[in-house]
Each structure stands twice: as C-alpha cells, then as structure tokens.
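I opened the model to look up a few loop residues and one charged surface patch. My notes are below the display.

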Amino acid sequence: MSAEYPIVAITGASDYSTSMITQALQHIFYRERIKAVYVSGSGFHRYDRKTMQAEVAKAHAEGRKLSHFGPEGNHFDKLESLFFQYAATGTGQFRYYLHSDGFAKEMGLEPGTFSPWLQMDPDNDLLLYRGLHGGVIHEDIDISSYPDLLIGAVPSINLEMMRRIDRDLRQGSSEEAVRQVVLDRLPDYVQYITPQFGRTHINFQIMPMVDTSNPFQFDELPSLEESYLVIHFQKLTKQFDLPKLLKLIPNSMMSRRDQMVVPGPQMKTAVEIILMPLITQLIEKSRQIKGISEVSPTRGAGILGFKGQLVS
C-alpha cells in the first residue's frame, strides 16, 4: 500500500460486474478530475494466443492442466514488480494484450499478441488494475498486499460458466471443446481465483434469480432485470452508514449486518454511490502528501487507456 501513489484493483472474472465497476469508477474520476492509469491483467499472461493454445494442448497430452487462472499461464512476478514500483514511484512497466483486430492493427501487430513493454506516464493520480489476479498469493508472491482498495468482482460460478460457453459457442467452438475447457480450468479457479475474494475490501456479486443449475444447457443468459447485486462490505463495514445507504439506493435491503442486496436496475447507481467516498479518501490523502492543494479545472480526467488516450 502507498498513500502517495494509491492502487485500486478490480479482481475477478471478466464479466458484466467488472465492466460495471469500471464504468462507475470512470464517472467518479471524471467528476473529481482524477487521472487514472489503466492496467489490464491480460497483459501479464505468459503466452500469446497461438502459443497458449499449443501449450494447453501439450499440457493436456502430458496429463497436466494449464489455464490463465494459474501461475503457469501468467507472470505473477512481473505484476508484483509493477505494483511494488508504482507504490514507490508512481510509475512502472506494463504491456497490452491485443484482444481486438482494430487495436492490433493500430499497433501494427497481430491480434492475440502483446505490445512491447511500456513505461507508464508518471502524470497520473492512481493506478487502476482490472484482471484476474489483483489479490493473488502464490509462494513468495503476495500481490494482495499492494492495493489500497481491492474490489472483488465475484462471479456466480454457474453464471460464469454460462457466459464462457455462450461466448465460445458464438465464436465457433464445439460444445465438447467448450465443456472440456471449462472443466480443465476449474482446479486453477478454485486454487487461485476463489481465495482472493476473502482478501478484498469489498465484493460485488451478481446473482441471477432464474434457474442456472445446468450451465451446459440453457436458452438464454439471465438479464440484469432477472438479477440482484450482492454487496459484501467485508473490511469496510465500519466506514459506511448503512442505514443511510439504504435510503440512497432504492429497493435495497440488508441480508446480513455487512451485506446489502440491490435489484438489477439499481446496480450501477449503487456501485457508484459506494465507491465514491472510498476513491475520494485515497485521492485527498495522496494530494495532501504531494502538496497539491487545488486541481486545475482543465486537468484531464478519466482513465488513461490505450496509447495514452483518456477515456472519460
């Protein structure tokens, strides 16, 4: 942790909840004139797309499991180095994984590959990480010790499987291949992803209110209107006036003393209301240490994204 150079990490599977949390943070950054530098966890995968496919096939032939959830598929050491360096200096090295054809073309590279390692622009207010391993611990690596705010985007496991199956089938994979990928990933998921949600400051989990009992057989994915958001304040219960939050978020309720339930249409509002004071506290302390008494109203704000462009 570093009061001068704060790190906010969203850890968990890349589903709607991570996008919703990121959007809420974007709105907060824009309103508060905060410039955040964005780092995606996929940039710390060990292999590009083609190499990963070959390595997975090799591991399968040898009776081993290899996935993006575990240490064999990632550079945990490089991610820890980034967090360590940023906490000390406000900068560090990262790279992009080129998911889309458009962004790969702009970079002059092939989709499914990585950009070169890049040096982060030091003109920023905080680091925003979004990926699978913001709170992972493996051997002597403890990434969970660095974020000043560690946010869990907790998947409902069957819903997560359904999203993965739906996506891969749309991309042309066979049902048998998709089923095998899901099953092969489970050991790493249980060992490296699930434990992180006990280390977070706060967890957000979307829970469908329709039958998801068989993720390999469904007609359509649950909509937000068919879901609720469960918010577990974990280490932050004492920082919030929960009765006041219930009044601010329509139709919300407390299911336990430290857990709130919010209906689907109110999810984005709830996340923004809850994260706003947490981000404000981090930035106020950081600017106080840096001796920044006032921020220019013309200062760029938002998330410093691809090729240094601000996403606001």
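These entries go through the lookups one by one.

Entry 1, source. I am working from a predicted model.

Entry 2, charged patch. I looked for a negative patch on the surface and found one formed by D219, E220, E225 and E226. I then placed one of its members: E220 sits in the loop that runs between β9 (202–208) and β10 (227–232). I noted E220 as exposed, because its relative accessibility is 62% and the cut-off for exposed is over 50%.

Entry 3, H201. I asked where H201 lies, and the loop between α6 (175–193) and β9 is the place. Is H201 buried or exposed? I entered H201 as buried, since its relative accessible area is 13% and buried means under 20%. I also checked for a polar partner: the H201 side chain comes to 2.8 Å from the backbone nitrogen of L150.

Entry 4, positive phi at R33. I read a phi near 55° for R33, a positive value in a residue that is not glycine. I located R33 in the loop between α1 (16–31) and β2 (35–40). R33 goes down as partly exposed because its relative accessibility is 22%, and that class lies between the 20% and 50% cut-offs.

Entry 5, positive phi at N251. I found phi near 65° for N251, again positive in a residue other than glycine. N251 belongs to the loop between α7 (242–248) and β11 (253–256). With a relative accessibility of 65%, N251 is listed as exposed.

Notes. Residues numbered from 1 in each chain as written. Predicted model: local features only at pLDDT ≥ 70, side-chain atom pairs only at ≥ 80, totals over all residues. Heavy atoms only, no water. Patch = residues over 30% accessible without salt bridge, like charges linked within 9 Å, V, L, I, M, F, W, Y side chains within 5 Å. Areas by Shrake-Rupley, 256 points an atom, 1.4 Å probe, with all protein chains shown as cover. Salt bridge = Lys/Arg side-chain N within 4 Å of Asp/Glu carboxyl O. Lys, Arg positive; Asp, Glu negative; His and termini not counted. Charge placed at Lys NZ, Arg CZ, Asp CG, Glu CD. Helix = DSSP H or I, 4+ residues; strand = E, 2+ residues; numbered from the N terminus. Buried < 20%, exposed > 50% of the residue type's maximum accessible area, 1.4 Å probe, protein only. Polar contact = N/O pair within 3.5 Å; in protein donor to acceptor, adjacent residues only side chain to side chain.
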